[in-house]
Amino acid sequence: MMEQIKKKKPDILAGKEKQRGEDAEWVVRTYADMVYRLAFARTGNRSDADDIFQEVFLRYVKSPPVCETEEHRRAWLLRVTVNCAGKFHRSFWQRFTGPMEEEGTWTQQEDRDLSTQLKKLPEKYRMVLHLFYYEELPVEKIAALTGAKQSTVRTQLTRARRALKRIMEEDGDA
Amino acid sequence: MLEQKYRHMMDQISPDEKLVEQALENVWNQEGRKGRKVWYPAVAAAACVCLFLVAMPVLAAVPQGYQFLYLVSPATAQFFKPVRRACEDQGIRMEVESACIHGDTAEFYVTMQDLEGDRIDGTTDLYDSYSIHMPFDGIGHSERIGYDEETGKVSFYVSLTRWDQGKIEGGKITFSVREFLSHKKKWEALLIDDLKKQERTKEQPARLTESYGGGGLDHELYLEKDGQTGVLVPGKPWEGFCVEGAELTGMGYVDGLFHVQVAYLNRYETDIHGFLYLQDEQGQTVDDIYNVYHAESEETRGERDYVDYVFDVPPEKLGKYRLYGDFSTSGMHVEGNWQVTFPLEE
């Protein structure tokens with residue numbers, strides 16, 4: 001899906017407003033997968049990930065951060081996704097809406113099994129696993145993004161791996 | 001292995017093109033709200049009606065742990081009903097205080113209290129030992145939300161969600177706990193060694209051993225197909241290493257990588273674990289590239305587990321770092337059989 005959308009770099013010669021709009025467009029196209037995957041990792045379903053995705057980029061459009069480097073922008077988007085996902089989870093109204101089915105998401109049984117096993121982990125564990133294994137962030141940066149101590153993040157990673165291993169063993173998939 | 005499996009799975013997740021187009025509409029339309037979902041006001045209005053209908057009778061019987069509900073969600077607290085089902089084992093009382101169901105989710109609050117001593121404290125941790133039997137397939141999670149020093153009660157919040165997103169309509173839930181940890185101790189940013197001695201940079205005796213766990217970004221890269229990996233030969237415990245239940249048993253190079261070896265004693269009893277890192281004078285830290293768990297024999301697993309923390313720092317640069325560690329252990333491990341069954345009522 002996203003591969004079909006041509007990524008467009010900002011036109012630095014355009015007028016200020018236009019440039020801002022195009023920058024944001026480039027940011028949405030460039031970071032769409034990253035934001036969506038983190039939201040999905042945290043919530044475990046597409047319906048909630050959709051809402052978080054919209055919220056993150058809405059915030060970006062309404063008050064774009066001043067980012068000196070792409071690394072800063074990436075960190076800003078990850079942090080806001082973490083925050084939005086946390087607030088979304090606590091939202092009372094969200095609980096009245098039913099998540100959509102995930103049928104057709106996975107191409108292989110192995111992916112389906114892993115997805116099911118991950119859903120059995122607490123959300124905070126799923127998030128640090130994603131930031132560590134998928135975004136390849138060091139513990140120090142995960143701690144900064146999530147507002148947790150480094151030692152807490154490390155403990156969560158250890159426990160997440162241990163819990164996942166146990167779940168896989170129970171499923172005969174270790 | 002896990003990393004590759006996870007990456008393969010997640011690579012298949014992308015936002016729907018329509019969703020991206022909606023986000024882009026917000027970019028093109030600076031007013032912004034055009035692409036948002038519109039169900040919030042409708043649901044909010046419906047929920048306000050529900051709040052009016054159910055709040056009064058529930059508030060008439062405020063449970064002991066009710067104050068804790070407000071820590072999590074004041075709005076949700078209005079919907080909880082008292083349960084007050086309890087059990088006792090080993091002089092520890094566990095009570096399900098209140099519960100609430102709405103849609104596909106059930107939530108409840110549990111307290112634990114030591115009637116005979118001080119085995120329960122503010123660090124009490126169910127150690128992933130709890131289990132939930134419910135009349136539907138679902139997922140659950142629990143988290144500690146508070147500790148009341150006056151009563152000595154620690155409170156946990158538990159939530160369950162149906163797999164199939166169907167509505168939860170009554171039934172019974174059994175919540176059980178088989179062990180917990182408490183009286184946790186932590187050592188953070190503990191300076192272990194300044195790494196200035198020449199011997200730290202030397203290759204040390206190593207052995208090939210079977211690893212039965214570990215972590216770090218490159219963990220799987222350094223394991224042979226049969227799970228074997230090179231580790232330091234355990235030496236005498238260093239004197240002056242102050243972490244209770246842990247010993248520093250070696251430090252030095254193996255095949256060009258800097259290893260630090262720590263032995264953890266009875267870790268299943270205490271959940272003792274640690275994380276080591278290097279830090280230079282500017283405060284820049286270097287994490288291990290991987291760490292591996294190993295033991296001297298099958299029989300000593302769990303009693304004396306070794307962890308080799310491995311850093312990719314060349315010997316000539318090691319002296320610019322100091323070695324630090326974060327460690328955590330529990331002073332108490334209590335096993336028992338606590339089980340409460342209670343009805344789910346709307």
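**Figure 1. Low-confidence segments of chain A in the predicted model**. Over residues 90–101 of chain A, pLDDT stays under 50, and the model has 31 contacts beyond four places in sequence for this stretch. The mean pLDDT of chain A is 75, with 76% of its residues reaching 70 or more. Residues 1–22 of chain A also have a pLDDT below 50, and the model gives this stretch 34 contacts beyond near neighbours in sequence. Where pLDDT is low, the predicted coordinates should not be read in detail.

**Figure 2. The largest cavity and its lining**. This cavity has a volume of about 90 Å³. Residues of both chains line the cavity, among them Phe40(A), Trp106(A), Arg126(A), Tyr6(B) and Met9(B). Helix 1 and helix 4 (109–119) of chain A, together with helix 1 (2–10) of chain B, each supply at least two lining residues. By class, the lining comprises seven nonpolar, two polar and two charged residues.

**Figure 3. A salt bridge within helix 1 of chain A**. The closest N and O atoms of Arg29(A) and Glu25(A) are 3.5 Å apart. These residues are separated by about one helical turn because they lie four residues apart in the helix. Both Arg29(A) and Glu25(A) are buried.

**Figure 4. A salt bridge between Glu188(B) and Lys149(A)**. The N to O distance is 3.7 Å. The pair crosses between chains, from strand 7 (residues 172–193) of chain B to the loop between helix 6 (139–146) and helix 7 (150–170) of chain A. Glu188(B) is partly exposed, at 36% relative accessible area, whereas Lys149(A) is exposed, at 51%.

How values were computed: Residues numbered from 1 in each chain as written. Chains lettered and ligands numbered in written order. Predicted model: local features only at pLDDT ≥ 70, side-chain atom pairs only at ≥ 80, totals over all residues. Heavy atoms only, no water. pLDDT = per-residue confidence, 0-100. Contact = heavy atoms within 4.5 Å. 1 Å grid on protein atoms, 1.4 Å probe; cavity = no way out; pocket = protein on both sides within 12 Å on 5 of 7 lines; lining within 4 Å. Points joined across faces, edges and corners; volume = space filled by probe spheres on them. Nonpolar A, V, L, I, M, F, W, Y, C, P; charged D, E, K, R; others polar. Salt bridge = Lys/Arg side-chain N within 4 Å of Asp/Glu carboxyl O. Buried < 20%, exposed > 50% of the residue type's maximum accessible area, 1.4 Å probe, protein only.
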